[in-house]
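Here is a short briefing for a first look at this structure. Keep the sequence and the model side by side as you read.

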Amino acid sequence: MPVNAAVIRGVQKLVLYETRARYFLVGSNNAQTKHRVLKIDRTEPRDLVIIDDKHVYSQQEVRELLGRLDLGNRTKIGQKGSSGLSRAVSAHGIVGFVRFLEGYYIVLITKRRRMADIGGHSIYKIEDTNMIYIPNDSVRVTHPDEARYVRIFQNVDLSSNFYFSYSYDLSHSLQYNMTLLQMPCDASEELNTSSRQDSFDIFEEEGLPTQVVYGLINEPYAKYVWNVRLLEKVKDIVHPDWLLYIIHGFCGQSKLLIYGRPVHVTLIARRSSRFAGTRFLKRGANCEGDVANEVETEQIIHDASVMSLMAGSFSSCVQVRGSVPLYWSQDISTMMPKPPIRLDQADPYAHVAALHFDQMLQRFGSPIIILNLVKKREKRKHEKILSEEFYPAITNLNQFLPPEHGIEYIAWDMARYTKSKLCNVLDRLSMIAENVVKRTGFFVNRPDFYCHALRPDERWGDLGGKVTPNGRLQTGVLRTNCVDCLDRTNTAQFMVGKCALAYQLYALGMIDKPKLQFDTDCVRLFEELYEDHGDTLSLQYGGSQLVHRVKTYRKIAPWTQHSKDIMQTLSRYYSNAFSDADRQDAINLFLQVFQPSESKPHLWELPTDFYLHHSDTMVLPQQQHSYTHWWTDGVLTFLPSPYDEAQCEKNRRKVSVKRVNRFEESIDIYTEFFKPYELTSFDDTFSIAMTNSAREFMPKTLGLDPSPFTVRKPDESAKSVLGKSSKEEAVLQRKTAASAPPPPSEEQISSSSEDDSEEEREEDGTASQRSTPVRLTEPSDSSRLHEDPSQQRLPPVRETYGLNLLVNPPDEDILIYHRFAHLGQNQHKVERRDDMKKLDAGLSLAPVSLFPSDSIYEVSAPEVDVQSCAVFECHVQTGRGWVRTLCHDDVLMYREYIKNRYM
């Protein structure tokens, strides 16, 4: 049966050409072998007129077409001075088309940067965009408020944490994408059947069978796509290759080296585009069940020694954060640091919560586990108001669900435990995480390894999820919330992710027990990734970076962190009070929640955007949602599996199938990733430049265990050389760990409802994301001058080279060297001397070639011994994803490699 493959979008390089009457947008694939052309009319002052040329051009045909256009648009025939066709801009994709009060604009991606690689599928971050006005100046109808709308629209910084991919669907999870590739396809199900020319096979004329592959194009999940409204106008007009969907959130990837075996750890956060906004202006949920600050976080672990998405070993685990799904808000007009929480609307039948959890059951299956971290005990009711409403809503919904698929509710006052000296917050979170992972499981794309039978673990047998012949599926999800869903939520998600990471590495055969300890290179790498993830999401929603990090809850944060927390809290308060309103207007305009019109008030004239996000306030709902049968029809049929991944007729209609040849460029992920037609530098490749556990975290001292799962002291980490000397950092951390008091209470330092405060960084706000891999730097010259002279001495020669140069080498080594020099002399025709004949008597020279007959006319194949065959067979099995267990010699060999490479 033919296999399935993801289709690579054929438009990755764009060039915009301009004439007085039209824009010509020429798009091509990476190899520039196939080109498409869009014609955009510039004579219409208000309408968008686009003509998609269905023909696929070759490079020569495009040059001829552009030459004819240039010649035909010159003012005088034969004129060579001024060209009729001018090149406007080069780009990598189309964000969309937008109109305010005048004509349409086109938004193009002009710069990109690779951020991650998942099985050969590259994920890019938008670095820069260009917004171009389409109508010609001669037909432009000006409006005085147009420039203001353009400034508001451009307040959404597209160069900050927007991501896209040409071949991987970022709006869905890895489990969904790989389940789709394993879906059986029949010819009768093909919606987009390619022509004979597109699927031409040179062997078909010879009577040989054609190697057919089904290329799959799936509809994105619109909830996490931020430009779906900007592409709505052209979606049904242009070819799907032109449509590029972008997500907003976070994407980071680091390399974990396990004795030379590369394992990529990827973190992808998808921010919901519905009911999106800033901290105090978007709370709770809207009438459709979409909650504020809803982010889906997915951690992907895969063995990077095998690139293929189908042949490699992959694992993923998904978590969700989001505001409490009730009608609630906070009034910031009083300029209070902690505005009081108020319930805006009574919902006795939990209607809005039902809509929200119906979406989650469709996407994730059951069980849905809620981890509510808001406070339970307060002198004055504040956060407790939400818990008192949230728990009865869950109880009401559960009475109509089957007991085995009920929503599980865990309430834990994390802020209260933090203030206690007797309680360890992370230990309690670790227990919760262990129970959650055992209930929901995680995704693995291959069955259990034989090593699991050799080294069984009792916790592995209790693991939840759904076991299939191809591996495991995650069923259900953990939903974490506090008030802001920032600091406490990020720490809780990190602990769940750390627990899931241990199980994922165990499932892929990397470790012998599903348990990871703090202060190992692996956990430090994962913690840094999660802190970047938390900083980025906090900046997007709260206006500042994280305050209380994992080190804060471990109570090993330095003393100086507490004063920085106060400054960060003030920064967050300033952002919420003075800049959040402008950011909210920009988000509403970018997502087309508000569409300008001359017949209605302007965006800045609206007293509130409540009516924009709650559609039922303006239009009465035509169909009343049931209070008892509150889930979508068909959802319970497939539980605990997600309804969106079920092979039903509704889901099949979302997939377009294209029958292509196996060697078609549109599915050749190898050529797409490695680009053999380009001249590239090995040192500039993405896999070399990404964060590396051996380079960034492993100590540089000889004799230490190079395993990333070895617990290290604070002064042993390679990261300690950043910012200050490792000696100062070690002393500071030891003092802090021994005598640091618990973090200050919320009433003392925090003006946020998150009982958090933040650190004011001296860099730009956008520096929270790991934009470039961290490189270790040598101490500056000024710091060297203040060091102790005894610390500046060079290491002894024996430690550096492994031998003592002051001692004469033994006679055996001298004899070997003389023989080596004699062999080098014999390579040239020299006259024989009498003193050389004595040396020849002790040498037995044999031919270096293993070929019995060797000449320019004939070469015989060498005989391969059994050991060489075994090495080659091991190499082939590695390519198929079956890797043998490391022996003692392999570990020793890797240690030598680490010493020579990194120490």
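Which residue in strand 14 is the bridge partner of L267? The partner is Q299. This is a predicted model. The points below cover strands, a helix and its neighbours, and aromatic rings.

**Strand 13 and its partners**

- Strand 13 covers residues 261–271, and 11 of its 11 residues are buried, so the rest of the structure largely encloses it.
- In a regular strand, side chains alternate between the two faces of the sheet.
- R261, V263, V265, L267, A269 and R271 point one way from strand 13. P262, H264, T266, I268 and R270 point the other way. Both sets are buried.
- Strand 12, residues 247–258, pairs with strand 13 in the antiparallel sense over 10 bridges.
- I258 has R261 as its bridge partner in strand 13.
- The hairpin of strand 12 and strand 13 has 2 residues between the strands. In that hairpin, Y259 takes a positive phi near 55°.
- Strand 14, residues 295–303, also runs antiparallel to strand 13, and 9 bridges join the two.

**An open sheet of 3 strands**

- An open sheet is formed by 3 strands in the order 1-11-24, with mixed pairing.
- Strand 1 (3–6) and strand 24 (655–661) are the edge strands, each pairing on one side only.
- From one strand to the next, the twist averages 35°.
- Strand 11, residues 212–218, pairs with strand 24 in the antiparallel sense over 7 bridges.
- G215 stands opposite K658, a residue of strand 24.
- Backbone hydrogen bonds are what pair the strands of a sheet, in either the parallel or the antiparallel sense.

**Helix 11: G534 and E531**

- G534 has its place in helix 11, which spans residues 521–542.
- Is G534 buried or exposed? Its relative accessibility is 1%, so G534 counts as buried.
- G534 touches N490 and L546, leaving aside residues up to four places away in sequence.
- G534 and T491 are 43 residues apart along the chain, and their C-alpha atoms are separated by 8.7 Å.
- E531 also lies in helix 11. Its relative accessible area is 16%; because buried means under 20%, E531 is buried.
- E531 touches L546, R549 and V550, again leaving aside residues up to four places away in sequence.
- L546 is thus a contact of G534 and of E531.

**Aromatic pairs**

- The count comes to 29 aromatic pairs.
- One of them joins F494 and Y530: the ring centres are 5.9 Å apart and the planes stand at 75°, so the pair is edge-to-face.
- F494 lies in helix 10 (residues 487–507) and Y530 in helix 11, so this pair ties together parts that are 36 residues apart in sequence.
- F494 and Y530 are both buried.
- Which residues do ring pairs link into a cluster? They are F100, Y105, Y133, Y149, F153, F162, W226, F590 and W604.

**Charges over rings**

- R140 lies over the face of Y133, at 4.0 Å from the ring centre. Y133 is also one of the residues in the ring cluster.
- K600 lies over the face of F594, at 5.0 Å from the ring centre.

Methods: Residues are numbered from 1 along each chain as its sequence is written. This is a predicted model: local features need pLDDT of at least 70, side-chain atom pairs count only at pLDDT 80 or more; totals for chains, interfaces and linings use all residues. Side-chain values use heavy atoms; hydrogens and water are left out. Two strands pair if DSSP finds at least two bridges between them. Helices (H or I, at least four residues) and strands (E, at least two) are DSSP runs, numbered from the N terminus. Axes are lines fitted to C-alpha atoms, for helices over the stretch in contact, and angles run from 0 to 180 degrees between N-to-C directions. Buried means under 20% relative accessible area, exposed over 50%, partly exposed in between (1.4 Å probe, protein chains only). Contact means heavy atoms within 4.5 Å. Rings of Phe, Tyr and Trp (its six-membered ring) pair if their centres lie within 6.5 Å; planes under 30 degrees apart count as stacked, over 60 as edge-to-face and the rest as tilted. A charge sits over a ring if NZ of Lys or CZ of Arg is within 6 Å of the ring centre and within 35 degrees of the ring normal.
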